[in-house]
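Grab a pencil and work through these exercises. Each one comes with a solution you can check yourself.

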Amino acid sequence: MSDRNKAYWNPFLETLPREKLIQIELKNFRKYLQYAKENCAYYRDRYKDIDPQEIRSLEDVRKLPLIDKKDLRLAQEGKGPGLFGEILGVHQDEVTDFRQTSGTTGRPVYVAESYESWQWRVEVWCHLLWMAGFREHDRVFVPFGYNVYVAFWEGHYAAEKLGCMVVPGGALDTKGRINKMTEVKATGLLNTPTYGLHLAETASQMGIVPADIGIERMLCAGEPLPQATRQRLEQIWGAEVYDHIGGTEPCAWAGMCQARKGLHIMEPFFLVEVLDMETLSREVDEGELGVAVVTPLGRHSFPLIRFNTNDIVRRGADGCSCGRTSMMISEVAGRADDLCKIRGVLFTPVAVEELLRREFPEIGEFEMTVECKGITDEITLKVESCEEMSNDVMAELSARLSERLKIKTNLRFNIDCVDTGVLERYTLKSKRFKDLRKTK
Amino acid sequence: MNADPSNLKEMKATIDQIEQLVHKLKASGGGIPVVEKNARIILSVVNVLKFGISDPADILD
């Protein structure tokens, strides 16, 4: 096999001309819809007047209704059979794995996997890991207890399928994990960005230079990874750091190749639409932001037809130096759930993280709160420096930060420089933005 | 190994044969767990191969 082909997990699929990829996606979409209508109570009624065979184009797909997390909750609340309600696509006895969403925005959604559906998810992750350069010689450390959350289970089993040696690091504290990574000479890490930074900070406190541990590549999951945070992780760890996007319900649906310039949609496993944010009815053009609507085309146990992920992404240009032909996402801009209006200005917390990581390397941890004081909303940004600072240096930092934030977000922030080690450290997903207006 | 698309058709035929053989094995097993459960696992992987190999074979045919 030529070196070029070894770059791909599946050279046939990954280099197919785009029109052929779309042909496969439409064919599988029709099959998947037919399956959902026949086997899933939720779709039986909802799609009773729709003939899957009449769906011949992407325009036809866009005429079908969307489904979102709220719909999934409604399909499960108080509805049988069993835990998964009307959205279950196989007999209850065929369910081999229980997963659930993190419940950040409400009651968690329970997700059912049959063994067949699980193998399909693992295969998607094999593509993701291979694309990021993971190979059989890698020793992959996963510094979490995975519990009922899916991403690291997928990563674990996909790395195993690639032939890597997988070392699960649950039931250890952070220091114990650093020691274990050093002991097994880990070369790969599956991580959340927040925990990647925390691990590095703890290693430094232990007198260990993170880049000396030997990690060559890291795949991040669980949270948005702004470009500046990704670059900071690369610099601290001396490793290649890869992003991907996905969710518990649809699976990982786009990932980074070794060019690390945007994310490849995992076609034809998924039919992904990037729709305008106002009407969710028009496919956006290259360079435009939109909401990702995803149909995973091979998961029968939990059928999702046109799932609104609420992820806001920027549609990228076609083509990549790696030779893959899939559609590209050039930026993950955040979650529609996180978008809020502060003093009439549209605000996303990712913008603040991007600025801090890119321009303020002296800041380690941070936390933002917005609350209503009197008749106006006030945002406070607490920042913690990586090292002790004099009052003068802190005052200068605070003034510079305030000015840059005003330019970047069009909002005025109260800056509070706190002592090192005061702010909460997160071990999985961070909660650095707190909108206290919602709790009143 | 060879990533020549002309091999896709042959691979698709082999995948179909494996699927048929596993169904045959399942039928001969008469429901005994060791055959039933392991056959299910093989068929799950066959499904992945159909997605990755047989689908492009059909399209490029």
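Here are three exercises, with some ground rules up front. The model is predicted, so local features need pLDDT of at least 70 and side-chain atom pairs count only at pLDDT 80 or more, while totals for chains, interfaces and linings use all residues. Residues are numbered from 1 along each chain as its sequence is written, chains are lettered from A and ligands numbered from 1 in the order in which they are written, and side-chain values use heavy atoms, leaving out hydrogens and water.

**Exercise 1.** Work out how chain B's radius of gyration sits against the globule rule.

- Step 1: take the radius over C-alpha atoms, and the rule as 2.2 Å times the number of residues to the power 0.38.
- Step 2: for 61 residues, a compact globule would come out near 10 Å, but chain B has 14 Å.
- Step 3: look at the C-alpha trace of chain B, which spans about 40 × 20 × 15 Å along its principal axes.

**Exercise 2.** Find what share of chain B is buried.

- Step 1: call a residue buried under 20% relative accessible area, exposed over 50%, and partly exposed in between (1.4 Å probe, protein chains only).
- Step 2: of the 61 residues in chain B, 33% are buried.

**Exercise 3.** Explain why Cys40(A) and Cys251(A) form no disulfide.

- Step 1: a disulfide needs a pair of cysteine sulfur atoms within 2.5 Å.
- Step 2: for Cys40(A), the closest cysteine sulfur belongs to Cys251(A), 18 Å away, so that's too far for a bond.
- Step 3: for Cys251(A), the closest one is in Cys126(A) at 11 Å, again too far.
- Step 4: the count over all chains is zero disulfides.
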